Structures are given as C-alpha cells and as structure tokens.
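Here is a short report on how two parts of one chain meet. Look over the sequence and the structure first.

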Amino acid sequence: MKITRLETFIVPPRWCFLKIETDEGIVGWGEPVVEGRAHTVAAAVEELSDYLIGKDPLLIEDHWQVMYRAGFYRGGPITMSAIAGVDQALWDIKGKHHGVPVHALLGGQVRDRIKVYSWIGGDRPSDVANNARAVVERGFKAVKMNGSEELQIIDTFDKVQGVINNVAAVREAVGPNIGIGVDFHGRVHKPMAKVLAKELDPYKLLFIEEPVLSENAEALRDIVNQTSTPIALGERLYSRWDFKHILSGGYVDIIQPDASHAGGITECRKIASMAEAYDVALALHCPLGPIALATCLQIDAVSYNAFIQEQSLGIHYNQGNDLLDYIRNPEVFRYEDGFVSIPQGPGLGIEVNEEKVREMAKIGHRWRNPVWRHEDGSVAEW
Ligand SMILES: [Mg+2]
C-alpha cells in the first residue's frame, strides 16, 4: 500500500481536518491543528507531504521519526501538530487495513469506558452554579471551569475572592461527589498562583490546571508542595522531551498532552508511559473536533494512568458547529452516566462525513484568541 494524497480542510468552528488517501482505497483522517494557527499547521502538513507520498502508510514509527528528526529543526506547536495529524491518519489507515480499532494494535484496551468532563462557563457565581447543576443533571460526574479572568502578576485580593466565590458556588451546587477542575489557563503568574491554590484548598478540587504557564514550570514545585489539590499541566507541551523536565522535576500530578499537538498517538502513548513511571496521571487535553476526540479515546484505552477525558461537546467555542455534525456515527460519543465507551470500530472508530467536511471547508474559519488587556493597558494572558 502507498500513500497517494494528503488533503487538509479548514472547517468551523476552528478546526483543521486531514484526509490521507492510499492506492488501495483505504483513507485515514487526522486533525492537525493549533487553535488560532490552523492555516499554518495545514501548510506544515503540505510540506510533509513531499516525503510521505509514495511511502507505505503502515510504517508509522519510521514516518514519525523521519517527520520529527529529518526536518533538522523540531518540536513546537506547529510542527508537532502537523506530525500529530499525519500520525492519527496513519493509525486510522492501519486499523482499517487490519479491520480492528487502533487500541487493538497498541496491546488492547485496559478499560471499557472513561469518565468525561464538561466545561462550564459563566462569570457570576449564580451563573456558574446554574451551569454546573445543568451539566450534572445531564449525567456528568466532573466539570471544569475557568479560574479567573485576567490577573496581573500581583493583583488585589478582591480578584482572588471572585474566584473563591465562583468555585464555592459550584461546590455548593453540585455537592461533594462531583469532580471540579479549575483551569487557571496560564493567566496566573507565580505570586498569585500560590495565593489562589492555597485559598482553593478547602473546596477539594479534582485538579488545578495550568496554575502557571508551562515555561514557568519550576514555579510549580512550591505550589505542588503547598496544596493538597492535584496539579495538572501539559496542553502547551509537545513531546517527550518537553515533558521529561516536568516529570523528573516532580512538578505535576496530572499531565495533559493534546493528541493533536503533541505528535499524535505515537508520541502521546510514549508520554503517557513516561508519566506512568512517575506515578503521574493522564488527562488528555481535547477542546477540539471529533477526530481529535476519537484519537484521545484510543490512547485512553491503552493508558493505565488515564482517568478522565476532556471533550468539547456543547463547549462555547463550538456554537453552531459541534463535533457530532462531522461524523456519520455520532453514537460513538454518546455519554452514559458521565462516561464514554472506548470505540470498537476499525481505525479511530469514527466515520467522517466527507460531504459535510467539504461543504464546511468552503466556509472555513479565521478563529483567533481574544486579546485581553489589564486595566493599565498592558496585554494580559488569555
Ligand atoms: Mg487548559
């Protein structure tokens, strides 16, 4: 079998899909994207196609090593997301070729299902509490919320109090048995992260995510040691080499690589194994589309330390275009009792609706992050 064509589709709300065709008619799908840089990643995939066309799609490990090593420069969100999308599509092809799910080729599933969490939005305590209650009524056993809005490197305690009020309202609304993740979103700097983590301790959170940016990870050691809340990080790390310092430094309790940013199934599987050796949990990042989510479930299936999966069904980014719109078998993402089953179909286990993809690619998108500013006019982390 030979790879004959790579084709990317920029589709709303903010995604990029990749179709890889072969001379035997088997096609594979991947999701190579960085939110806000979809066209740049698509261009990186196009550059990789010079090497890939004509190659045997089943030799995934060798292709991964070539894509990573033979470009001389390596790593970072653009390259590693392009590699991720190609890698996902190659695994999809391999699974379809053998007529088995990807997880069967990775040693077989260690679990039947995995817990999923839902995002809750809202600025005021009453809004977040109502949103949390609604999500729990839909069966979710865990929720995630943003911690703060913009926060300066040193800020006033009323901002901290605002975060506490929101978290307290959610805890009161959902009771003690629902997991609450609080995402600081890299908006918080070390001096305030310390204060916030301490103040949030009484609310028995599931985790605090990105208490500081990953490039400031050494600041996490104090936070990890000072709070009883598990600390999560990793959506902005892209390879084993990015994760090794975080793991060996003892900076985190949970890693959150994104299977569309960190080299795909091949690399995330290895990152998960590295974390297992440090007794660190895995919670794959995935605010993306259906191919990325299907990919995550394949990795969750075979990663002993995976315990929860992010997913974007109904997330605020997806207004008007949700992930189920792009597949013909949306039942694979039917959540029951707060869990989603490990997909059992061949390859990634989803049937991409190519007509819909082509139709929506005509619309495309130019999604960009908002740019926030502090009250003094300086730019704020979003
Ligand atoms: Mg996050």
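## Polar links across the interface

Between domain 1 and domain 2, 20 residue pairs are in polar contact, both residues at pLDDT 80 or more. A polar contact is a pair of N or O atoms within 3.5 Å; within protein, one must be able to donate a hydrogen and the other to accept it, and residues adjacent in sequence count only if both atoms are side-chain atoms. The rule also finds one salt bridge across this interface. That term takes a side-chain nitrogen of Lys or Arg within 4 Å of a carboxyl oxygen of Asp or Glu. Glu-61 and Lys-270 meet in a salt bridge through their side chains, at 2.8 Å, N to O.

## Basis of the model

The model is predicted: local features need pLDDT of at least 70, side-chain atom pairs count only at pLDDT 80 or more, and totals for chains, interfaces and linings use all residues. Residues are numbered from 1 along each chain as its sequence is written, and side-chain values use heavy atoms, with hydrogens and water left out.

## The two domains

Domain 1 covers 3-101 and domain 2 covers 104-347. These bounds come from an automatic or database domain assignment. The C-alpha centres of the two domains lie 25 Å apart.

## Contact and buried area

In domain 1, 35 residues are in contact with 38 residues of domain 2 (heavy atoms within 4.5 Å). The two domains bury about 2,800 Å² between them, 63% of it on carbon and sulfur atoms. Buried area is the accessible area (1.4 Å probe) that two parts lose on being put together, summed over both.
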